[in-house]
Amino acid sequence: MKGKSVDYSYLDCVMFRLPIISRQLCKEGDTVMDAVDFVLQNFTEMNKLWVRMQHHGPVRLKEKLEKERSELRDLVGKNLHVLSQIEGVDLEMYKDVVLPRVLEQVVNCKDEIAQYYLMDCIIQVFPDEYHLQTLETLLGACPQLQPAVDVKTVLSRLMDRLSNYADSSPEVLPDFLQVEAFAKLSSAIGKVIDAQIDMPVVGAISLYVSLLTFTLRVHPDRLDYVDQVLGACVKKLSGKAKLEDSKATKQVVALLSAPLEKYTDIVTVLTLSNYPRVMDHLDAETNKIMAKIIIESIMKNDTCVSTADKVEVLFELIKGLIKDLDETATDELDEEDFKEEQNSVARLIHMLYNDEPEEMLKIICTVRKHIMAGGPKRITFTVPPLVFSALKLVRRLQGQDGDMAGEEVPATPKKIFQLMNETIEALSSVPSSELALRLYLQCAEAANDCDLEPIAYEFFTQAFVLYEEEVADSKAQVTAIHLIIGTLQKMTVFGVENRDTLTHKATGYSAKLLKKPDQCRAVYACSHLFWVDDQDGIKDGERVLLCLKRSLRIANAAQQQANVTRGSSGPVTLFVEILNKYLYFFEKGNPQITPGAIQSLIELIKTEMQSDTTTPDSASDAFFTSTLRYVQFQRQKGGLMGEKYNPIKEVA
């Protein structure tokens, strides 16, 4: 062959005639075996020729040689195609004669290019049923191939073809179980990985990805198979450091994502014991990515995780988002990314639910255990949803008395409030005092609805302590005091002594705010603490009037202060706001708020507006005009309300 070219036109002609020759042999009385022997002999010789060609010929003829080899390769493959088309080559003949002889030639040729090509040809040209029934024989050749052969692609294509076969013909699924297809594929992959000791980790993992894909398509109900694949991957990765190869990492993510996509229900995935063990081999950053994929799957499919055991496994899976897995400080993280991660965990907490109070409390305790280890920056995101989840449980248990139920019963409002008190206390020490104060007030309101006065009082006490010791910013103080007043107004559980103590504190803090306008508004807001319509006994008209008069004095002091510092008084907005409070309590029947007092306040506002020192303000003017129009409307309306308003004159 040296220096000479091969007449491929002749070989091509022979290949074209092979199907005709095989049929003619059968017609002339020869057996099918004769035709098969003829094609197999032709295949063997052509393959040997093809393999030898790569070792011959000068370098300058390399391009021409490669072209000739490519042409001959196609002809070699055509032999296998002809074999698949010969009538009479049934499963038995394929199993006993065709496949063993073809594989013998494949293994013995010792050429990695030829081996890869021929294995691929076998997979592509012969029927799916034949592959399934001869799986052990076909797979047995894989570990014998040259180390450089891309066996993972060969096996992946085989598994893909078998998966398609199962999808297209569901009635053949029992055959997969009968021949133990999964066990044989799993064993073959293990042998290939052991035989090719130089195979990179990414190659081994990609084989497991293909096997898992096959398993999920053919045996989706066999979770033991799925877990077995994950376990094999764990075994391959054991003893190694965290994966640093980006390609291998992507394959692991693909391996872990496949069950999520197939089952859509994370609860199913949580039963796989090897799933978290695979995740442990991911680096911290990729672990986070996988954790976000898991949470996204839960949110997308609206999955409810309903047992504490499952929650435990779930939070182990997403621990990359809950705590630091390496020495990277959270300060080094991108702020927006960090917020997005923690918000996803917060949303997840709302997906954990069980109708049974005892189990729900176990879930809350499990979540609490994990998130409290997350550090100060994280718990500001994760504690609030935990508290609200616990308060939902409290509402369901509303009316149950913890003392009567007995200490043996785990899920009682008292126990839950104790747990939340400890949780919020940890948050207040972060410090995140303003958030902790809001949560204390939410718990106080829930304790009120459960008729638990001591617990409600304790939560208010904690809120006041935070206000005194931790809330220093003036704007934050204004927001906090209005929250305290608003929550206290709704409380019905307190006795006279406790309520007086708390309202006295609230009014005292209101009068001590830094800015006069803030003082004024907080003090007149406190008037609502002494007059609540739907509660008998909380209608103290005198103290309402005291709050309103005090707010008037503060408003007047604010005007004088503005006149001294800026040479002109501020707008009359505060006076108009107080006037509206007077009108509110007047309509509610407070006897201390008389038409005369309202008349006097209206005159005061008019005088202030006409003063040369008052700063003109269109918004204040419009507010006052609208208020007077309301008074005029009530006078003209008639009836009882009209009679009440009738003594108020000259409002236009």
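This talk walks through the fold of one chain, three of its helical regions and one buried glutamate.

What you have on the screen is a predicted model, in which local features need pLDDT of at least 70 and side-chain atom pairs count only at pLDDT 80 or more, while totals for chains, interfaces and linings use all residues. Residues are numbered from 1 along each chain as its sequence is written, and side-chain values use heavy atoms, with hydrogens and water left out.

Let me begin with the whole chain, whose secondary structure comes to 33 helices and zero strands, where helices (H or I, at least four residues) and strands (E, at least two) are DSSP runs numbered from the N terminus. Of its 652 residues, 48% count as buried, meaning under 20% relative accessible area with a 1.4 Å probe and protein chains only. Of the contacts (heavy atoms within 4.5 Å) with a separation of 6 or more, 72% are between residues 24 or more positions apart.

Turning to helix 4, residues 91-108, we find 18 residues reaching 24 Å from the first C-alpha to the last, which is close to the 26 Å expected at 1.5 Å a residue, the expected span being 1.5 Å times one less than the number of residues. Helix 4 nevertheless bends by about 35° at Val 98, with Pro 100 following within four residues; the bend here is the angle between axes fitted to the seven residues ending at a residue and the seven starting there. Among the buried residues of helix 4 are Val 98 itself, Tyr 94 and Gln 105, and just after the helix Lys 110 takes a positive phi of about 60°.

Further along, helix 28 (residues 516-526) has eight of its 11 residues buried, so it is largely enclosed by the rest of the structure. The buried residues include Asp 518, Gln 519 and Tyr 524, and what covers them includes helix 26, helix 27, helix 29 and helix 30.

Two of those covering helices, helix 29 and helix 30, pack at an angle of about 170° with their axes 10 Å apart, the axes being lines fitted to C-alpha atoms over the stretch in contact, and angles running from 0 to 180 degrees between N-to-C directions. They are therefore roughly antiparallel to each other, a label that applies to angles over 145 degrees.

Finally, Glu 341 lies in helix 19, residues 335-349, and is buried, with a relative accessible area of 5%. Leaving aside residues up to four places away in sequence, Glu 341 touches Lys 288, Lys 292 and Leu 321.

Key:
Buried means under 20% relative accessible area, exposed over 50%, partly exposed in between (1.4 Å probe, protein chains only). Angles under 35 degrees count as roughly parallel, over 145 as roughly antiparallel, 65 to 115 as roughly perpendicular and the rest as oblique.
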